[in-house]
Amino acid sequence: MLKCSHCGVVISDNTNECPLCHNIIGRPESDMTDRYPQIYERTSLIFRLKIFITYILILLQTAAVVVNYYTYDHYSFRWSLLSGAGVLYLLITLFVSFMTMSSHINKIFIQVVSALMICFAVDFFMGKQGWSLSLALPIAVMAQNAAILVFMIINYRNWPNYLMIQIFSVVLGAAALGLHIVGIIESPILVWCAFGSSVILYTLNLVITGRRGISELKRKFDL
């Protein structure tokens, strides 16, 4: 039991105010411990873990660059660019995964855009062979569509939330189709699979959600 420091009345319940003089009653420190989760400790542990993993990956990539430098005359292949691209994507995945203020839709978008940018850069520095457009672009679109479909099944009550990223998939698929039409991408199979799956998934969502989907699009585009 507590005693009011102002009037001396003994307080038998858990009130924070003296019923006689209305003085604020201070609770013992033992009552205040462990009332809130140790968020700071958990955040600090995650931060240290990310720094440690980043350090290890950078160390491994540095070793790969050094080895590639001394063996380039023998193999004539800059394989350290591929390992560097993999390390960079792993780092992006690591930091995106722990972005607590970002939704899973934004994380999918960041992952796909990052993967495409890395593929374009590697393809450019390795001689512009064109695989980043003919393979990476349609495969990234189909991978994004697959991820969206999985989350739509899990989060089936909020399908309108996926319309914007589905529009992004349609745009990427249309870009791949346009590159195929002008002859830059030769194989039509991946292109049509990417574009077709994007259009089907988007229109299916729009048809099923109906007015909810249209209202969400109007809200996003400020119409």
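# A tour of a helical protein

In helix α3, the buried residues are Ser80, Gly84, Ala85, Val87, Leu91, Leu94 and Val96. That helix belongs to a predicted model, and the protein it describes contains eight helices and two strands. Follow the chain from its start and you meet the pattern β-β-α-α-α-α-α-α-α-α. The protein has 223 residues, and 29% of them count as buried. If you take contacts between residues at least 6 apart in sequence, 53% of these join residues at least 24 apart.

**Helices and their lengths**

- Helix α3 runs over residues 79–97, and its 19 residues should span 27 Å at 1.5 Å a residue. The C-alpha atoms at its ends are 27 Å apart, which agrees with that expectation.
- Helix α4 has 22 residues, and the distance from its first C-alpha to its last is 32 Å, close to the 32 Å expected at 1.5 Å a residue.
- Helix α6 has 19 residues and should span 27 Å at 1.5 Å a residue; the value from its end C-alpha atoms is 26 Å, which agrees.

**What is tucked inside α4 and α6**

- A handy reminder before reading these lists: an α-helix has 3.6 residues a turn, so residues three or four places apart point the same way.
- In α4, the buried residues are Ile105, Lys107, Ile108, Gln111, Val112, Ser114, Leu116, Ile118, Val122 and Asp123.
- Which helices do the buried residues of α4 pack against? They pack against α3, α5 and α6.
- In α6, burial applies to Leu163, Ile165, Gln166, Ser169, Val170, Leu172, Gly173, Ala176 and Leu177.
- The buried residues of α6 have α4, α5, α7 and α8 as their packing partners.
- Ala175 also sits in α6, which covers residues 163–181. With a relative accessibility of 37%, Ala175 counts as partly exposed.
- Ala175 and Leu133 are separated by 42 residues in sequence, while their C-alpha atoms are 9.8 Å apart in space.

**How α8 meets its neighbours**

- Two packed helices are described by the angle between their axes and the distance between the axes.
- Helix α7 (residues 188–209) and helix α8 (residues 211–220) have axes that come within 5 Å and cross at roughly 115°. The two helices α7 and α8 are therefore roughly perpendicular to each other.
- On the α7 side of this contact are Tyr202, Leu206 and Thr209, and on the α8 side are Arg211, Arg212, Gly213, Ile214 and Leu217. Sorted by class, the contact of α7 with α8 holds four nonpolar, two polar and two charged residues.
- The axes of α6 and α8 are 10 Å apart, and these helices pack at an angle of about 80°. This pair, α6 and α8, is therefore also roughly perpendicular.
- From α6, Leu163, Met164 and Ile167 meet Gly213, Leu217 and Lys220 of α8. The contact of α6 with α8 divides into four nonpolar residues, one polar and one charged.

**Aromatic pairs**

- A pair of aromatic rings is described by the distance of the centres and the angle of the planes.
- How many aromatic pairs does a search of the whole structure find? The search finds four aromatic pairs.
- One pair is Tyr69 with Tyr70: the ring centres are 5.1 Å apart and the planes are at 85°, so the pair is edge-to-face. Both Tyr69 and Tyr70 are exposed.
- Another pair is Phe124 with Phe125: the centres are 5.3 Å apart and the planes are at 85°, so this pair is edge-to-face.
- Phe124 is partly exposed at a relative accessible area of 47%, whereas Phe125 is exposed at 55%.

**Backbone angles to look for**

- Most residues other than glycine have a negative phi.
- Lys128 has a phi near 55°, a positive value in a residue other than glycine.
- Lys128 is found in the loop between α4 (104–125) and α5 (131–154). Is Lys128 buried or exposed? Lys128 is exposed, because its relative accessible area is 59% and the cut-off for exposed is over 50%.
- Gly127, just after α4, takes a positive phi of about 110°.
- Gly183, just after α6, takes a positive phi of about 95°.

Note on methods: Residues numbered from 1 in each chain as written. Predicted model: local features only at pLDDT ≥ 70, side-chain atom pairs only at ≥ 80, totals over all residues. Heavy atoms only, no water. Axes fitted to C-alpha atoms, helices over the stretch in contact; angles between N-to-C directions. Helix = DSSP H or I, 4+ residues; strand = E, 2+ residues; numbered from the N terminus. Parallel < 35°, antiparallel > 145°, perpendicular 65-115°, else oblique. Contact = heavy atoms within 4.5 Å. Nonpolar A, V, L, I, M, F, W, Y, C, P; charged D, E, K, R; others polar. Expected span 1.5 Å × (residues − 1). Buried < 20%, exposed > 50% of the residue type's maximum accessible area, 1.4 Å probe, protein only. Phe/Tyr/Trp six-rings, centres within 6.5 Å; stacked < 30°, edge-to-face > 60°.
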